[in-house]
2 protein chains.
Amino acid sequence: MPRARRNGVGVGAPGMFSLVMFEIDPAFLATSQPVGDLALSHVRLQSDARFPWIVLIPRRPAARELEDLAPGERDVLMEEILRAGNAVRAVGEALGRPAAKLNVAQLGNVTPQLHVHVIARRPDDAAWPAPVWGVGVAEPYAPAALEAALAAARLTLGL
Amino acid sequence: MPRARRNGVGVGAPGMFSLVMFEIDPAFLATSQPVGDLALSHVRLQSDARFPWIVLIPRRPAARELEDLAPGERDVLMEEILRAGNAVRAVGEALGRPAAKLNVAQLGNVTPQLHVHVIARRPDDAAWPAPVWGVGVAEPYAPAALEAALAAARLTLGL
């Protein structure tokens, strides 16, 4: 292995190698809580007690569309979407509101960094049967409910 | 092979075998045009000239959520979502409105049969940056535009 290269990252050879850092768009930091990291995606719980709602953010810099992931990564994302579905169901159970339906969406019109919403829905929720985006305003979690929701999500995801 | 069984379908043995037919929910028939069939999904063009918009309906009776598909089928669906993305981009080009962003969603709150929306979006479209559902009313395609849109979708999908 050349002396100037270590773990694929340039060391001591300016300009020959570049390290592209993955940074979460600040828009997510303002609206959600970190749950943890799966193989591909950073996982966040949306800060809105009205809906059990996870956001998956694949840790791939500059990805905006599903096609920006490698084929194998897309299959990993599909599995992580299913796992997130189980996690939002668990959050709903923990909050005493079991889910009736899952909603999954990759939109990105406002925040272009590739991300997937996975949301547990119920006929008595604040937006049903409409999608959740743009409906009313987010309700903050009470501290104990947030703790219970994060714990349920992490347990289900093995995080 | 037993005489009473042919291609997995019961013949002459009432009650022993049942053939589960896949039928498209009539709600889709009223709001979209058939494009054709991919390996897993029936493909339809939404009858709304405001948005290049394809609906993928996996031909699996009783499926409501992604988890109702077998793991291999979920990967096929992911590939068909990407192909549908290329198709709605081609529809946008054919109509002189190239896409800036793709939106992908599996909701099903109103029509529970498993289906995935794939929509080409632009900052000057009728709903941007909001999701398209529930915004205004669908605008019918003019006959020539519908023909061009269907042709572009079929060419891109190899149908």
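**Briefing: a sheet shared by chains A and B**

In chain A, strands β6(A) and β7 (residues 116-121) pair in the antiparallel sense over five bridges. This pairing belongs to an open sheet of 10 strands with antiparallel pairing. The model is predicted. Chain A has three helices and seven strands.

**Chain A overall**
- From the N terminus, the order of elements is β-β-α-β-β-β-α-β-β-α.
- Chain A has 159 residues, and 46% of them count as buried.
- About 7,600 Å² of chain A is exposed, with 58% of that supplied by carbon and sulfur atoms.
- Among contacts in chain A with a separation of 6 or more, 58% join residues 24 or more positions apart.

**The sheet**
- The strand order is β3(A)-β4(A)-β5(A)-β7(A)-β6(A)-β6(B)-β7(B)-β5(B)-β4(B)-β3(B).
- At the edges sit β3 (32-37) of chain A and β3 (32-37) of chain B, and each pairs on one side only.
- Neighbouring strands are turned by 20° against each other on average, with direction ignored.
- Strands of a sheet pair through backbone hydrogen bonds, in a parallel or antiparallel way.

**Strand β6 and the link between chains**
- Three bridges join β6 (residues 101-106) of chain A to β6 (residues 101-106) of chain B, and these two strands run antiparallel.
- A:A105 has B:A105 as its bridge partner in β6(B).
- Within chain A, A:K101 of the β6 strand stands opposite A:R121 in β7(A).
- β6(A) is mostly covered, with six of its six residues buried.
- A:K101, A:N103 and A:A105 point one way from β6(A), while A:L102, A:V104 and A:Q106 point the other way.
- In a regular strand, side chains alternate between the two faces of the sheet.

**Helices on the sheet**
- Helix α3 (residues 143-157) of chain A lies across β3, β4 (41-46) and β5 (53-58) of chain A. Its direction makes about 25° with β3(A).
- In chain B, helix α2 (residues 71-94) packs on the sheet and touches β4 (41-46), β5 (53-58), β6 and β7 (116-121) of chain B. The direction of α2(B) makes about 160° with that of β5(B).

**Helix against helix in chain B**
- α2(B) and α3 (residues 143-157) of chain B pack at about 145°, with their axes 8 Å apart.
- The crossing of α2(B) past α3(B) is right-handed.
- From α2(B), the contact is made by B:R83, B:A84, B:N86, B:A87, B:A90, B:V91 and B:A94.
- From α3(B), the contact residues are B:A148, B:A149, B:A152, B:A153, B:T156 and B:L157.

**Nonpolar cores**
- The largest nonpolar core has 65 residues. Those with the most contacts inside it are A:I54, A:L56, A:L77, B:I54, B:L56 and B:L77.
- Helix α2 (residues 71-94) of chain A gives this core its largest share, nine residues.
- A second, separate core has 22 residues, including A:F28, A:L107, A:W133 and B:L107.
- B:L56 touches many residues beyond four places away in sequence, among them B:L38, B:V43, B:L77, B:I81, B:A84, B:L114, B:V116 and B:V118. B:S41, B:H42, B:E80 and B:H115 are also touched by B:L56.
- In soluble globular proteins, nonpolar side chains tend to be buried together.

Definitions and conventions. Residues numbered from 1 in each chain as written. Chains lettered and ligands numbered in written order. Predicted model: local features only at pLDDT ≥ 70, side-chain atom pairs only at ≥ 80, totals over all residues. Heavy atoms only, no water. Helix = DSSP H or I, 4+ residues; strand = E, 2+ residues; numbered from the N terminus. Buried < 20%, exposed > 50% of the residue type's maximum accessible area, 1.4 Å probe, protein only. Contact = heavy atoms within 4.5 Å. Areas by Shrake-Rupley, 256 points an atom, 1.4 Å probe, with all protein chains shown as cover. Core = buried A, V, L, I, M, F, W, Y, C linked by side-chain atoms within 4.5 Å. Pairing = 2+ DSSP bridges. Axes fitted to C-alpha atoms, helices over the stretch in contact; angles between N-to-C directions. Left-handed = near helix turned anticlockwise from the far one by under 90°.
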